[in-house]
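Student: Please take one part of this structure and describe it closely. I should like to understand how the side chains there are placed and what they touch.

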Amino acid sequence: MAMVTSDTDLLEYCSETFRNDPEIVMAAAEIFPFSMCHAGAEIRNDRAFMLEVLKLEGRLLQFASEELRADKDFVLAAIDCHFRAFECADEGLRADKDVALRALRGQMRTSTARYDNILRFV
């Protein structure tokens, strides 16, 4: 595990077994979220794992399986983790009003929280 956490690019050179191991892939993603591009196909289709990793960075939805990116319930849950997941949702879902509104509301909450934090220092 230390080898993976010291240089997340090493995930690319791990065996397929390790690239589908939730503990190893999460360790790499916690250091550099976009190391998910080297995750195995099996873990990219793991609904629970992908929802956890999306809490790190919403745009990691791009590395989820096509099946998950086209699943409205999954995409809505992903947007609840991070509104930026909307950017990587299936094109058909980006045209869905419910999905777009969920993302916009998430962005508004994030922007409001940032603004409130800034006001504390003024």
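Tutor: The answer below begins with the whole chain and then turns to the loops around one helix.

This is a predicted model, in which local features need pLDDT of at least 70 and side-chain atom pairs count only at pLDDT 80 or more, while totals for chains, interfaces and linings use all residues. Residues are numbered from 1 along each chain as its sequence is written, and side-chain values use heavy atoms, with hydrogens and water left out.

The protein has nine helices and zero strands (DSSP runs of H or I, at least four residues, and of E, at least two, numbered from the N terminus). Of its 122 residues, 37% are buried (under 20% relative accessible area with a 1.4 Å probe, protein chains only; over 50% is exposed, and in between is partly exposed).

The part to examine is helix H3, residues 22-31, with the loops that flank it. Its buried residues are Ile 24, Val 25, Met 26, Ala 27, Ala 28 and Ala 29. At the start of H3, Asp 21 places a side-chain oxygen within 2.9 Å of the backbone nitrogen of Glu 23.

Just before the helix, Asn 20 sits in the loop between helix H2 (16-19) and H3. Asn 20 counts as buried because its relative accessibility is 14%. Its side chain makes two polar contacts (N or O atoms within 3.5 Å, one able to donate a hydrogen and the other to accept it; residues adjacent in sequence count only if both atoms are side-chain atoms). One reaches the backbone oxygen of Glu 16 at 3.0 Å, and the other reaches the backbone nitrogen of Glu 42, also at 3.0 Å. Residues up to four places away aside, Asn 20 is in contact with Val 25, Gly 40, Ala 41, Glu 42 and Ile 43 (contact means heavy atoms within 4.5 Å).

H3 also supplies at least two residues to the largest nonpolar core, as do helices H5 (47-54), H7 (72-81) and H9 (97-119). That core has 31 residues (buried Ala, Val, Leu, Ile, Met, Phe, Trp, Tyr and Cys joined through side-chain atoms within 4.5 Å). Met 36, Phe 49, Met 50, Val 53, Leu 61 and Phe 74 have the most contacts inside it. Val 53, neighbours within four places excluded, is in contact with Met 26, Ala 29, Met 36 and Leu 60.

After the helix come the aromatic residues. Ring pairs link Phe 32, Phe 34 and Phe 63 into a cluster (ring centres within 6.5 Å; planes under 30 degrees apart are stacked, over 60 edge-to-face, the rest tilted). The structure holds two aromatic pairs. In one of them, the rings of Phe 34 and Phe 63 have centres 6.2 Å apart and planes at 75°, so this pair is edge-to-face. Because Phe 34 lies in the loop between H3 and helix H4 (41-44) and Phe 63 in the loop between H5 and H6, the pair ties together parts that are 29 residues apart in sequence. Phe 34 is partly exposed at 25% relative accessible area, whereas Phe 63 is buried at 12%.

Phe 34 is also in contact with Glu 57, as are Pro 33 and Arg 84 when the neighbours of Glu 57 within four places are left aside. Glu 57 lies in the loop between H5 and helix H6 (66-69). Although charged residues may be pictured elsewhere, Glu 57 is buried, with a relative accessible area of 13%. A polar contact of 2.9 Å joins its side chain to that of Arg 59.

Note on methods:
Rings of Phe, Tyr and Trp (its six-membered ring) pair if their centres lie within 6.5 Å; planes under 30 degrees apart count as stacked, over 60 as edge-to-face and the rest as tilted.
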